[in-house]
Amino acid sequence: MQEILKKIQKDSVTIDDLEYLISTDKYNDEILSLADEIRGKYVGNEVHIRAIIEFSNYCKMDCLYCGLRAPNKNLKRYRMTPEEIYKRAQLIAQKNIKTIVLQSGEDPFYTTDILKDLIIKIKSLDIAITLSIGERDFEEYKIWKETGADRYLMRHETADEKLYNYLHPHDTFENRKLHLLKLKEIGYEIGAGCMVGLPGQGPRELAKDLMFLKELDSDMIGIGPFIPNPDTPLKNEKGGDLKTTLKIIALARILIPTANIPATTAMGSLHPFGRQMALKAGANVIMPNLTPNPYRPHYTLYPNKICLFEKDTSCIECVKGMITSLNRIIGKNYGSRVKVS
Ligand code: SAM
Ligand code: SF4
Ligand code: FES
């Protein structure tokens, strides 16, 4: 373990080293507490709050794991109007939150210009914008960046090429990587990340995810358990477990010390204290759900998703309470990636 840690510091860690750490439980406590220490040293005690608006659950894709996939007929679909989205953004800004995440399925209804106009309006509220709307044209990425969008979340889902291509009948890992590199080149802070517990994914595949995140030098890293959805082809799969997911979050922090790493909603959905545990294992970001009703319960990626029936903006107060109960500090500014010289 000590030898591997030295290699990580010298940037010479190998995929075999990571596979070994993932496959044994011997060093779990050590890995988690080291990640917490590194988090404190590099990104401090602040936890950044990113308010998420899930503005459309229409999706033209058919990722095998996701409840929003186009062939799922057991879902009541909705689209928020740009005016509704903007109103929500105003409310979020009034509450002094400094980042808004606009997330949806891959929904071409929102054209280049609709989103451009929305970005212009929301930026006037002095708030950072993160887009999380799937793969779009490179030209659109450019226009939205020039208009004021700051960040783009698009998980790589799994860095095992064969598994990625199986899970995404209309996409390839090669293409996903190209999009992430393009977004970076254009100047976005990019967010990659993976699910843990996908069918056919073992320590070797998870080690590939970590090597990929390191190679990409991802600014944000979203990691959560895969939770099987009964309305998808993966309904009978086992799904991810808490212990492994926490370890992958911790290793991501150790490998990429300055990244912004959320304690994901899926962690909270897997275990009542899943997000608190993630915040103690390297995470420094939390994303309260600000999708308004009546839409919120219909953004069902997986069963038992938390926060679906909470009162309107109450997730903000809830995450603030969580942050202070862990003796951490509520982030007050945009919470962009820290630069180390
Ligand atoms: N459509 C956009 C995209 O795919 O990037 C953004 C929305 S998508 C629903 C956000 C994330 O949800 C995906 O990157 C995926 O990792 C996660 N997700 C989807 N289905 C899931 C499941 N069954 N369990 C856990 N996470 C899931
Ligand atoms: Fe659509 Fe994203 Fe779900 Fe894939 S993960 S089906 S692109 S919403
Ligand atoms: Fe939604 Fe706690 S964050 S209820």
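**Exercise 1. The nonpolar core**

Task: In this predicted model, find which residues of the largest nonpolar core touch the most other members, and which helix gives the most to this core.

Solution:
- Start with the core itself: the largest one has 96 residues, and Ile249 and Ala252 touch the most other members.
- Next, look for the helix. Helix α10 (residues 242-255) gives the most to this core, with seven residues.
- Now zoom in on Ala252. Skip its neighbours within four places in sequence, and you'll find contacts with Leu210, Leu213, Ile221, Ile223, Ala259, Ile261 and Gly282.
- For some background, nonpolar side chains in soluble globular proteins tend to be buried together.

**Exercise 2. The six-stranded sheet**

Task: Work out the order of the strands in the open sheet of six, and say which strands sit at its edges.

Solution:
- Go strand by strand across the sheet: the order is β2-β3-β4-β5-β6-β7, and the pairing is parallel.
- The edges are the strands that pair on one side only, and those are β2 (51-56) and β7 (220-225).
- As for twist, neighbouring strands here are turned by 20° against each other on average, ignoring direction.
- Take a closer look at one pair. Five bridges link β2 with β3 (residues 99-104) in the parallel sense.
- Within that pair, Ala51 faces Ile100, and Ile52 faces Val101.
- Last step: is β2 mostly covered or mostly open? Mostly covered, with six of its six residues buried.

**Exercise 3. The three-stranded sheet**

Task: Do the same for the open sheet of three strands.

Solution:
- The order is β8-β1-β9, with parallel pairing.
- β8 (285-286) and β9 (329-330) are the edge strands, each pairing on one side only.
- β1 (residues 46-49) and β9 run parallel and are joined by two bridges. Here Glu46 stands opposite Ile329.

**Exercise 4. Around the ligands**

Task: Describe which classes of residue surround ligand 1 and ligand 2.

Solution:
- Begin with ligand 1. There are 19 residues around it, and Cys66, Gly134, Arg155, Leu301 and Tyr302 come nearest.
- Sorted by class, that shell has 10 nonpolar, six polar and three charged residues.
- Now ligand 2. Its surroundings are Cys59, Met61, Cys63, Cys66, Leu68, Arg69, Gly105, Glu106 and Gly134.
- This shell splits into five nonpolar, two polar and two charged residues.
- Compare the lists: Cys66 and Gly134 turn up around ligand 1 and around ligand 2.

**Exercise 5. Backbone oddities and exposure**

Task: Explain why Asp11 and Asp126 count as exposed, and find the cis peptide bond that ends at Pro294.

Solution:
- Asp11 sits in the loop between α1 (2-9) and α2 (15-23). Its phi is near 60°, a positive value in a residue other than glycine.
- Count its neighbours: Asp11 has 8 other C-beta atoms within 10 Å, so it's exposed, since the cut-off for exposed is 12 or fewer.
- Asp126 lies in the loop between α5 (112-123) and β4 (128-132), and its phi is also positive, about 60°.
- Asp126 has 9 other C-beta atoms within 10 Å, so it's exposed.
- Glu174 in helix α8 (residues 173-186) can be handled the same way: it counts as exposed because it has 10 C-beta neighbours inside 10 Å.
- Finally, the cis bond runs from Asn293 to Pro294, with omega near 10°. Pro294 belongs to the loop between β8 and α13 (314-325).

Terms used: Residues numbered from 1 in each chain as written. Chains lettered and ligands numbered in written order. Predicted model: local features only at pLDDT ≥ 70, side-chain atom pairs only at ≥ 80, totals over all residues. Near = placed C-beta within 6 Å. Nonpolar A, V, L, I, M, F, W, Y, C, P; charged D, E, K, R; others polar. Pairing = 2+ DSSP bridges. Helix = DSSP H or I, 4+ residues; strand = E, 2+ residues; numbered from the N terminus. Axes fitted to C-alpha atoms, helices over the stretch in contact; angles between N-to-C directions. Buried ≥ 20, exposed ≤ 12 C-beta atoms within 10 Å, placed from the backbone. Core = buried A, V, L, I, M, F, W, Y, C linked by C-beta atoms within 7 Å. Contact = placed C-beta atoms within 7 Å.
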